[in-house]
Amino acid sequence: MTDIITSYAKQVQQGNNKLLGLLAWYSVPTAAEIEYAEFVKLITDNDAPISKMKPPSPNNVFRRACSHSKLNKQVGPDDEIKCNYSFGDVSYDKTYIYKAIVEEQVDKSNHTLAHRTIADITFEKASHKIVCRRKIEDDDYATPALDTLMSDMEHFVASKGTKIHDLIIRESARRALEGPLQSVGVRPGGVVYFVSNDYADELSALDTVINSVDGADFHILPLIDDQKQRGMLRNAVEDESVGKAQELMSEIAELLESDKPVPAKKFVELQERYALMYDKMGAYSKLLNDSLTGAKTSLTLCQKQISQLSKKEMG
């Protein structure tokens, strides 16, 4: 465990309080980012339970650049008209992505008056090269806006091309908690997670990695073992187990009703999901010393459906 967890745990235990487990939550703002190589090194060095990831995709970096590089309320053809500029989709193939820079003319009440394309953009995936084919003359009122847009886009692609952005960092934390750490969300939407003491070291490693990202915060708090906290956790486990079981049964029901053979790959996936749910329910049943009747009943129904599905023709 990290020093802060160990210190807090000792304080709780010295007060004759037992620990039920650990609470964890995190915050990764939009501005948070980290170099891909640095993030992978942090994961490796700390043996954190974060799945291996691919380097940033040039396609995604370019699309993010287009979303980021927008201009509104720019100088128009006269004082009564302002212009908004954005990147519109055109097409793509294995080698290139094609975009258009579109101008929207609006009046003072923000009513759209007209549109025109001021440039076509080609992005080469392999080289990250951006080619701009201008459709306006140098003395056009939109030229300064076009120059700014292209400068912003090129800077974004160059500076973000090797970085992991906030969504990936956030998803890394969520998947680690909900996957290998077998956490349970104890607040709606999984904002706060309960993690068993059995995974304290892995949770500490995750804490170290996420907190190493500028702007990101990961928090851990030991949870006292009393009837109120047990009740909270029991309800959370029951709700999660029943909800996931119903979701699984709905998928199985569709396959049972279909006249088509059951895809073998899909059947294996359903079995694996059931097994993970069953193991997790068993672990929390033992921790809480509770049969978790609702969860157990739902998983029993799941098992019966999977047994029925196994008798269908496999494709």
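**Exercise 1. Pairing and packing in the sheet**

Working on this predicted model, determine in which sense strand 9 and strand 10 (residues 193-195) pair and over how many bridges, then place these strands in their sheet and identify the helices that pack on that sheet.

*Solution.* Strand 9 and strand 10 pair in the antiparallel sense, over two bridges. At the residue level, G185 has Y193 in strand 10 as its bridge partner. Helix 5 (residues 166-178) packs on the sheet, where it touches strand 1 (19-27), strand 10 and strand 11, and its direction makes about 160° with that of strand 1. Helix 6 (residues 200-211) packs on the sheet as well, touching strand 1, strand 10 and strand 11, with a direction that makes about 150° with that of strand 11. Turning to the sheet as a whole, four strands form an open arrangement in the order 9-10-1-11, with antiparallel pairing. Strand 9 (184-185) and strand 11 (217-224) each have a single partner strand and stand at the edges, so one side of each is left without a neighbour in the sheet.

**Exercise 2. The nonpolar cores**

Find how many residues the largest nonpolar core has and which of them have the most contacts inside it, and then trace the contacts of F218.

*Solution.* The largest nonpolar core has 31 residues, and those with the most contacts inside it are F39, I50, L177, L203, L206 and F218. Two or more residues of this core are given by each of strand 1, helix 2 (36-46), helix 5, strand 10, helix 6 and strand 11. Helix 6 supplies the largest share, six residues. When neighbours within four places in sequence are set aside, F218 is in contact with A24, W25, Y26, L177, L203, L206, D207, I210 and N211. A second core, separate from this one, has 29 residues, among them V186, V192, F194 and L248.

**Exercise 3. A helix pair**

Describe how helix 7 (residues 227-257) and helix 9 (residues 293-310) pack, giving the angle and the distance between their axes.

*Solution.* Two packed helices are described by the angle between their axes and the distance between the axes. For helix 7 and helix 9 the angle is about 20°, and the axes are 9 Å apart. Angles under 35 degrees count as roughly parallel, so helix 7 is roughly parallel to helix 9. The crossing in which helix 7 passes helix 9 is left-handed. On the side of helix 7, the residues that meet helix 9 include E238, V242, L248 and L256, while those of helix 9 include T293, L299, C302 and L309.

**Exercise 4. Residues in loops**

Decide whether D47 is buried or exposed, do the same for N289 and G76, and state the phi of D47 and of N289.

*Solution.* Most residues other than glycine have a negative phi. D47, although not a glycine, has a positive phi of about 50°; this residue is found in the loop between helix 2 and helix 3 (58-68). With a relative accessible area of 64%, D47 is exposed. N289, also not a glycine, has a positive phi of about 55° and lies in the loop between helix 8 (264-288) and helix 9, where its 70% relative accessibility makes it count as exposed. G76 lies in the loop between strand 3 (71-75) and strand 4 (82-92), and with a relative accessible area of 9% it is buried. Not counting residues up to four places away in sequence, G76 touches I81, K82, C83 and Y141.

Notes: Residues are numbered from 1 along each chain as its sequence is written. This is a predicted model: local features need pLDDT of at least 70, side-chain atom pairs count only at pLDDT 80 or more; totals for chains, interfaces and linings use all residues. Side-chain values use heavy atoms; hydrogens and water are left out. Two strands pair if DSSP finds at least two bridges between them. Contact means heavy atoms within 4.5 Å. Axes are lines fitted to C-alpha atoms, for helices over the stretch in contact, and angles run from 0 to 180 degrees between N-to-C directions. A nonpolar core is a set of buried Ala, Val, Leu, Ile, Met, Phe, Trp, Tyr and Cys residues joined through side-chain atoms within 4.5 Å. Buried means under 20% relative accessible area, exposed over 50%, partly exposed in between (1.4 Å probe, protein chains only). Angles under 35 degrees count as roughly parallel, over 145 as roughly antiparallel, 65 to 115 as roughly perpendicular and the rest as oblique. A crossing is left-handed if the near helix is turned anticlockwise from the far one by less than a right angle, and right-handed if clockwise.
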